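The following exercises ask the reader to combine pocket geometry, core packing, side-chain contacts and backbone angles. Each task is followed by a solution that proceeds step by step.

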Amino acid sequence: MYFDRHGLRRGMVQIPTLEGEVMLRRDVLKAILAATAVPAAAWAQEPGLQVGQASPFDAATVRDRAEALAQADYAPRPMIPEAWRDLTYDQYRKIWFDSRNALWEGSDAPQRVDVFPPGLYFPRGVEMFEVDGGMARPVGFDMGVFDTTDKFPDVPIDDTLGYSGLRLRAELDQPDIFQEYAVFQGASYFRGIGTGQFYGLSARGLALKTGDPMGEEFPDFVAFWMERPEAGQKTVILHALLDSPSCTGAYRFAITHGETLEMDVDAQLFARNDMAHVGIAPLTSMFLFDDMDRQRFDDFRPAVHDSDGLLIHNGGGEVIWRPLANPLTLQISAFGDNNPKGFGLCQRSRDFGDFNDLEAHYHERPSLWVTPGEDWGRGSVTLVEIPADLEIYDNIVAYWRPANGIKAGDVHKMSYRLDWGNDPAPHPERALAVVNTAAGGRPEGGRIFTIDFEGSDLLPEDLNTLTKIVRTSHGEVSDGVVQRNPETGGPRLAFTFYPGDARYAEFRAQLRLPDGPLTEVWLYRWTAT
């Protein structure tokens, strides 16, 4: 039997009579009331998220609001009451959404939408709307959609309150079991997973001034419009309004769940100010350590990370793999390009033994691939690596940075696709993937690096026919040796690096066949400790 938050059976209404109480189906009650001319206000309120008065909605609604907002000075939304903002982490965990109150619960819609409470890290409410039949209805804040324990403190309820974000659920692999697959919460952050995966890295609507000495600016999604999908439809449409001191934005997400979660993003930015440092399609992840630097961490696990490398398919046809690092000081790397084909943060370590972690399930966290929807012109894929000492910190950021930025008053249109899954990036035949990188000191001096590539039928029997490219920006490197790895079936390229007085070095390595590339281009930055 299914009950709502008041203990009543879902879809039933408890009616007092002279002889006691009876249960009626809600649709039967409505029919009786309608037949006897009882006004609709007398009906018992439906459980779940409540929607308000409708107003017209179309494809221009969010764009027009963003454009109008950009004509005025930036005005942040009001803060929620201090008691909500001062909730501790443990207190915030004592309140949660009752999924029986989800938007579209009990309907034939193939999606469910949950909401999150405000407070703690989320000091401002977010507007939310349901869109159905070309009409948008506001979803009002209702404390009754949440459950709490007796440890949750008394907090005031006023007009500043709003939900802090939303969660999407659908029947991913079992009928009538609605499992979550995407979350939008906090600034312009959102996360997704393919079916059966665990949440890991995040995406953002926009990044501004990431890594700049004067500090980063974090735009907010301040409103969401959720289009009600028709029965049997796997795709849900979500619109978002972005606002920040520098710009506003109108976003449209077409989100399709599956083994690989697909998000098609269309956006328009309206610049209030000159934006010299803009991050398009920004990705945020965590990298603590792996084989390259585990000596810094006293940990039973061989590796801890949500992503282990940046993959780039550049406009010149190269496929570049850059292993991630947890540096001792801030590192920013820019990979110049013209009309990139795609980039992403990947988790290539897919065996439990790579992490030996029964709780975090790092081997089941998604990779995320960005495919531009049009030519993005000149710019750079930018990688920011921030020092971190705990796995709770997201310390990796990757994004596309247009060469010329965006000028005040400009309207910048863009589209791209986000694929979340085990291995969502395209696989060119002549770019064998890097499967592992390791390094260590040599007793006779220098430092040895080994790069393992995946196996392939393209690999010749005589490895001496391969051309080895090993270069460094500082210090010296050996010519390198290629051997077949019996475990992977692929080639291993090993070389020795002699730093001399160098404090850092940029490496570039690749294996090539006589008529072109065999492997990805491996890039790495070494820094002296």
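In which loop is the place of Asn339? The coordinates belong to a predicted model, and the solution below begins from this location.

**Exercise 1. Locate Asn339 and Asp176, and characterise their backbone and exposure.**

Step 1. Asn339 is found in the loop between strand 23 (331-338) and strand 24. Asp176 occupies the loop between strand 9 (165-171) and strand 10.

Step 2. The phi angle of Asn339 is positive, about 55 degrees, although the residue is not a glycine. For Asp176, another residue other than glycine, phi is near 70 degrees and likewise positive. As background, most residues other than glycine have a negative phi.

Step 3. Asn339 has a relative accessible area of 25% and is therefore classed as partly exposed, since that class lies between the limits of 20% and 50%. Asp176, with a relative accessible area of 65%, is exposed, because the value is over 50%.

**Exercise 2. Describe the two largest pockets by volume, lining and residue class.**

Step 1. The largest pocket holds about 1300 Å³ of space. Its lining comprises 32 residues, and those closest to the centre are Tyr89, Tyr121, Phe122, Gln185 and Arg191.

Step 2. Four elements each supply at least two residues of this lining: helix 4 (89-92), strand 4 (95-97), strand 10 (178-185) and strand 11 (189-192). Sorted by class, the lining of the largest pocket contains 20 nonpolar, four polar and eight charged residues.

Step 3. The second largest pocket has a volume of about 900 Å³. It is lined by 42 residues, with Arg348, Ser349, Val434, Val435 and Asn436 nearest its centre.

Step 4. Strand 21 (309-313), strand 22 (319-323) and strand 29 (434-441) each give two or more residues to the lining of the second largest pocket. Strand 29 provides the largest share, four residues. The class composition of this lining is 17 nonpolar, twelve polar and 13 charged residues.

**Exercise 3. Identify the nonpolar cores and examine the surroundings of Ile255.**

Step 1. A general tendency serves as the starting point: in soluble globular proteins, nonpolar side chains tend to be buried together.

Step 2. The largest nonpolar core has 85 residues, of which Tyr181, Phe184, Tyr251, Phe253, Ile255, Ile280 and Leu418 touch the most other members. Strand 17 (residues 261-271) contributes the largest share of this core, six residues.

Step 3. Apart from the largest core lies another, of 31 residues, including Phe453, Leu466, Phe495 and Phe507.

Step 4. When neighbours within four places in sequence are left aside, the contacts of Ile255 include Tyr181 and Phe184, together with Leu168, Val236, Leu238, Leu261 and Met263. Ile255 is also in contact with Lys234, Thr235 and Glu262.

**Exercise 4. Account for the surroundings of the buried residues Thr256, Thr437 and Arg365.**

Step 1. Thr256 belongs to strand 16 (residues 247-256). Its relative accessibility is 17%, so Thr256 counts as buried, the limit being under 20%. Not counting residues up to four places away in sequence, Thr256 touches Lys234, Thr235, Leu261 and Glu262. With Thr235 there is a polar contact between side chains, at 2.6 Å.

Step 2. Thr437 lies in strand 29, an element that lines the second largest pocket. The relative accessible area of Thr437 is 8%, and the residue is therefore buried. Outside four places in sequence, Thr437 touches Asp291, Met292, Pro323, Thr450 and Trp522. The side chains of Thr437 and Trp522 make a polar contact of 3.1 Å.

Step 3. Arg365 is situated in the loop between strand 24 (342-346) and strand 25 (367-372). Despite being a charged residue by class, Arg365 is buried, with a relative accessible area of 14%.

Step 4. Arg365 and Phe198 are 167 residues apart along the chain, yet their C-alpha atoms are separated by 5.1 Å. Beyond neighbours within four places in sequence, Arg365 is in contact with Gln197, Phe198, Tyr199, Gly200, Asp306, Gln347, Arg350 and Ala360.

Step 5. Two of these partners have polar atoms to consider. The side chains of Arg365 and Asp306 are joined by a polar contact of 2.8 Å. A polar atom of the Arg365 side chain also lies 3.4 Å from the backbone oxygen of Tyr199.

Conventions. Residues numbered from 1 in each chain as written. Predicted model: local features only at pLDDT ≥ 70, side-chain atom pairs only at ≥ 80, totals over all residues. Heavy atoms only, no water. 1 Å grid on protein atoms, 1.4 Å probe; cavity = no way out; pocket = protein on both sides within 12 Å on 5 of 7 lines; lining within 4 Å. Points joined across faces, edges and corners; volume = space filled by probe spheres on them. Core = buried A, V, L, I, M, F, W, Y, C linked by side-chain atoms within 4.5 Å. Buried < 20%, exposed > 50% of the residue type's maximum accessible area, 1.4 Å probe, protein only. Contact = heavy atoms within 4.5 Å. Polar contact = N/O pair within 3.5 Å; in protein donor to acceptor, adjacent residues only side chain to side chain.
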